[in-house]
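Trainee: Could you take me through the pockets in this one, slowly and in some detail? I'd like a close look at what lines them.

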Amino acid sequence: MTSQLRPLTLHDLDLICRQRNDMFRTMDMPEDLIARMAPAFRAWLQDRLSDETYFGFMAELGGQPVGGIGLMEIEFPPHPAHPDTSRRGRILNLFVEPEARGQGIARQLVEASESEFRTRGLTYAVLHAMDMSRPLYEKDGWRGTAEMEKVLIPDRSPATGHLVIAQPDGHPNHYTNWQKQSRT
């Protein structure tokens with residue numbers, strides 16, 4: 001069954017936040033990190049949905065939301081992949097409810113996103129892919145890049161005052177088995 005897509009609106013704020021939290025749960029993020037991030041993300045998203053700098057689509061089956069995708073147009077210096085423009089598309093927060101997976105909804109959302117970027121004159125787009133999503137993207141022509149990441153500002157534990165550094169498990173673009181390392 002093909003889902004119906006509709007543009008995101010400010011009325012989707014709570015739904016997008018819930019889907020994003022569930023996306024991170026799928027990646028085995030610790031609940032305390034999700035809970036810590038959620039209020040800041042909600043405030044950030046509310047502003048960007050209001051000014052339409054965050055846009056995208058919600059997929060519905062039978063009038064019920066089953067997935068969503070967020071999009072942004074970001075400024076980035078001209079690059080060999082887009083030498084004549086300082087704009088690129090950014091896909092984020094792709095999520096499909098577990099019971100709706102395997103029906104082509106993620107592909108439908110990505111295809112609509114690519115079309116929206118083209119409509120806006122964007123010729124290059126980026127995203128971070130979870131391992132389970134990587135084959136979907138690669139089948140549609142996406143390829144991995146050399147991007148890396150590092151947490152630069154560690155937190156201090158309220159209980160001990162020690163530095164607490166949350167790090168990925170070493171696999172690029174896939175956050176699992178988060179570990180906390182205490183340093184004095």
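Mentor: Sure. One bit of bookkeeping before we sort any lining: Ala, Val, Leu, Ile, Met, Phe, Trp, Tyr, Cys and Pro count as nonpolar, Asp, Glu, Lys and Arg as charged, and everything else, Gly included, as polar. Also keep in mind that this is a predicted model.

With that in hand, start with the largest pocket, whose volume is about 1,000 Å³. It has 36 lining residues, and those closest to its centre are Met23, Phe24, Met27, Asn93 and Met130. Several elements give two or more residues to this lining: helix H1 (13-26), helix H2 (31-50), strand S4 (87-96), helix H3 (105-119) and helix H4 (134-139). The most comes from S4, which puts in seven residues. Split by class, the lining of the largest pocket has 23 nonpolar, eight polar and five charged residues.

Next, the second largest pocket, with about 800 Å³ of space. Here 30 residues make up the lining, and Tyr124, Ala125, Val126, Trp142 and Arg143 lie nearest the centre. The elements giving two or more residues to this second lining are S4, H3, strand S5 (125-126) and H4. By class, the second largest pocket is lined by 13 nonpolar, eight polar and nine charged residues.

Now the sheet, as it ties some of those names together. Five strands build an open sheet in the order S1-S2-S3-S4-S5, with mixed pairing. Strand S1 (4-7) and S5 are its edge strands, each pairing on one side only. S4 and S5 run parallel to each other, paired over two bridges. At that spot, Gly89 stands opposite Ala125 in S5, and Ala125 is also one of the residues nearest the centre of the second largest pocket.

Since you asked for detail, don't skip the enclosed space. Searching the whole structure turns up one cavity of 30 Å³ or more, and it holds about 40 Å³ of space. Its lining is Leu8, Ile16, Gln19, Tyr54, Phe57, Met58, Gly68, Ile69, Gly70 and Asn93. H1, strand S2 (54-61) and strand S3 (64-75) each supply at least two residues there. This lining comes out as six nonpolar, four polar and no charged residues. Asn93 is worth a second look: it is on the cavity's lining list and also among the residues closest to the centre of the largest pocket.

One side stop on H1, the helix where Asn21 is found. Asn21 has 14% relative accessibility, and the cut-off for buried is under 20%, so Asn21 counts as buried. Leaving out residues up to four places away in sequence, Asn21 touches Ile34, Met37 and Ala38.

Finally, zoom out for context. The protein's secondary structure comes to four helices and eight strands, and along the sequence they follow the pattern β-α-α-β-β-β-α-β-α-β-β-β. There are 184 residues, 40% of which count as buried. Among contacts with a separation of 6 or more, 58% link residues 24 or more positions apart. The protein exposes about 11,000 Å², with carbon and sulfur atoms supplying 53% of that.

Definitions and conventions:
Residues numbered from 1 in each chain as written. Predicted model: local features only at pLDDT ≥ 70, side-chain atom pairs only at ≥ 80, totals over all residues. Heavy atoms only, no water. 1 Å grid on protein atoms, 1.4 Å probe; cavity = no way out; pocket = protein on both sides within 12 Å on 5 of 7 lines; lining within 4 Å. Points joined across faces, edges and corners; volume = space filled by probe spheres on them. Buried < 20%, exposed > 50% of the residue type's maximum accessible area, 1.4 Å probe, protein only. Contact = heavy atoms within 4.5 Å. Areas by Shrake-Rupley, 256 points an atom, 1.4 Å probe, with all protein chains shown as cover. Pairing = 2+ DSSP bridges.
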